[in-house]
Amino acid sequence: MAPRPEPLGRHASVATRDADPLSEGGGSTPLPFDSRVVFVYGIARSRVMILGLTVLGALVGLVIGASMPNVYTSEAKLRNQASARQMITDETVMGVADDEWSRRRTAPGILDLIDLLRDPAIYERVARELGPREVLRVEDPSRSPRNAGLAGSIMHQLQGVLIRFKGLDNPCANGEGPLCQQTAVKTLLGSVEILPVKDTNLLHITYTASSPQKAQLVLNALIEGFLQHHIDVFGASGKLAELKEQFDNEHQKLTQLNNEYRAYQEECGFWDIDGDYLDAVAALRLRDANIAQLEVDGKRLSQYVTTLEGQLNGDSSALGGKALNPYWEALVKRRQEALAVIADLESRPSLVTTAQRQLEAARTERSAVEGQLLETPQFTSDPYAAALAAQNNPVIAEAQLELAKSKSNLAALADQVAEERKQKLSLEQRLKKIRECQPQHELHRATLDNAQKKFTRISQQIPELDTLALLDQEGRSNLARFREASLPFEKDGPNRTKPLGLGLFGGLVLGICFAALRQLSDRRIRYRETIEREFDLNVLCVVPEVAGLEDGRHVA
Amino acid sequence: MRTNSLATITPLHESLALLEPLVDAVWTEIAAQGQGREHTRVLVTSPSAKAGTSLITAATGAALARFLRSQVLVVETNLRCPGIAGFTGIDGLPGLSDLLLGHADLDEVIREVPGVPGLRVLPAGTSRAAISGEYATPKAQALFANLATMGRYVLFDTPTLLEHREGRSLFPLIDHVLLVLRARDTSKADTGAVVQLIQRSHVPLLGTVLNRHVPELGFLER
């Protein structure tokens, strides 16, 4: 027996496989399954099922498309002319936008107008006027007298059946209750389209319905609702009433604030707090100046008094407070006289005898006086002697008089200073009270000023609104019909190819998914790719099914 | 169901000539693997019953004998369901089952296929259930060893190895295994089990034949 060779793998085999671009994936991460087997063979294997599902999907799409009601679009245009009425907004009425810029900024634009026209209140009113059932009712095309040809008639019949089946021709079967009303409003909102026309002040409005007449009818009703709503919103009448009410309120408020302010003034004691404050400050400054001047005068007078007292006391400070002794002064005078006599007599030699006697007498006198002088003190503390000396001295008397007068003036000055200080203290207390009252006072005044401004503004606005309200009474709106609602002759939809295409595509995808799942869940071997990929085995050959070759014969 | 033109051909053994081109790759591969060998023994089996192993074996043997002018012996070991005699147009009795029971001689049971020079067939013989371990007895092993040398190419047609284990006794005698899979019938699980079994026996797996295949895509399918 020949030696057994090493086990051969698939790649060592003579037979080779062709490259499989679908299953290998060109170098990228290989898929966990063979895409050729799963998709290509799967689609081929389940082609009947895929075809069936595709046809089924197309049928479903066809039925859905047929059940969609016809769409007719009525068109209309509205023209918006901005005027003074539209400049009066809630902001201006409330006083938020006082200046011109703010007025323009808060004035509604075309987009605001579109928002306004999408107010559900309009649609609720229209739904009530037309009746929710009429709004929701879908027109049965099979009952239309229009000649649509054979195919169209068949389609219309189918549509009619589906519409009746779904009950769309008779909505709100349980009565036009709130739910029905709500649905009708939603339908109206969903069917209307409001767009601005570029570079104009026009609005293009369309409404889609299941019949041309209905589209026109509802659009006319909606436009009527728009115009009425516009007057309601931008009309001056409502704002005038509101403003007048505000006027009354503001008047009451102003009166109340005035009363409160007066009460506070009374409580605080200042009617004109700013004037009072300035007056008090000025008075205080004057008092300060007076006090300073009085103090300067007092100081000067005090120095004068001190000087006078010093003069009157002489060297009293050096002589122990004693007065000049008048006896001593008289003696000094007598001595001087004696010395004068002596000098005179000694100058006359001819009169020696007489003179001699007299001389002797003078000398005696001198000696006596000098003797007395030696015994008499120059100063004395004897009050009597002092008074006698003062009486005898007019200068002293005058100085004493001046001293007394100055002292009196000094006392008066002190009294004045005290009085001034007292007044200053009073003024300071007043200023303090003013300062305490001032913040509250200013708050009161600011509140009062604001109220006054608002009151003034409202007073000015009322005549303006009075004029504009006349336009409301005439029913004139700034939003006007530019083109009436049209009666459409051609239908705009629905696009029935869309559900048909979606159904077709959906069925196809579903069928392919089914085919792929069928392949992935297959537990049998069907293809050579399965053997090669899952078992890594060589497929040497593929023998086709030969009918009758094995069936009914001896087959291993 | 798509059918081949062979469906109209009778008798059956004549169809082998037409099947031969379909198994070109098989006999070519066997021939390539047998280069330099005196004898090349190939076991043809399947993970499931009725996969067509007898037909493939017969067609391959015929092709080897016809195109290589070699001596080819086909041994049918599927005692339960003999069929190769019908494909080759020979008398099916007696055969291997009779030989193993001693009811016939070796020369008596090996027959030449008419019209295919060099191709000899040992049919399964009288149909019966195999006896457990029948192929593993020394007598049977000696017989198979002898049969393995009776041709340049010796092809053993065996039943499925999963259900009928007697075929495994032939592993020590053979050089290659050829696996026949029946499309839309053979399960992936059975195939995996058989492949593992062959790998564990360390016998090289030559390749597979996908039999009774119905193309889903026609000419687009490989």
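**A glycine in chain B and a strand in chain A**

In chain B of this predicted model, B:G167 turns up in the loop between β5 (153-157) and β6 (176-182); strands here are DSSP runs of E with at least two residues, helices are runs of H or I with at least four, and both are numbered from the N terminus. Residues are numbered from 1 along each chain as its sequence is written, while chains are lettered from A in the order in which they are written. As for cut-offs, local features need pLDDT of at least 70, side-chain atom pairs count only at pLDDT 80 or more, and totals for chains, interfaces and linings use all residues.

Why does B:G167 count as buried? Because 22 other C-beta atoms sit within 10 Å of B:G167, and the label takes 20 or more (12 or fewer is exposed, in between is partly exposed, with C-beta atoms placed from the backbone). Leaving out residues up to four places away in sequence, B:G167 touches B:T45, B:T77, B:T158, B:P159 and B:L161; contact is C-beta atoms, placed from the backbone, within 7 Å. Zooming out, 50% of the 222 residues in chain B are buried.

Over in chain A, strand β1 (residues 72-80) has alternating side chains: A:Y72, A:S74, A:A76, A:L78 and A:N80 point to one face and are buried, whereas A:T73, A:E75, A:K77 and A:R79 point to the other and are not. β1(A) pairs in the antiparallel sense with β3 (residues 202-209) over eight bridges, pairing being at least two DSSP bridges between strands. There, A:K77 has A:H204 as its bridge partner. β1(A) also pairs with β6 (residues 479-483) of chain A, again antiparallel, over four bridges, and A:L78 partners A:R481.

Methods: Two residues are in contact if their C-beta atoms, placed from the backbone, lie within 7 Å.
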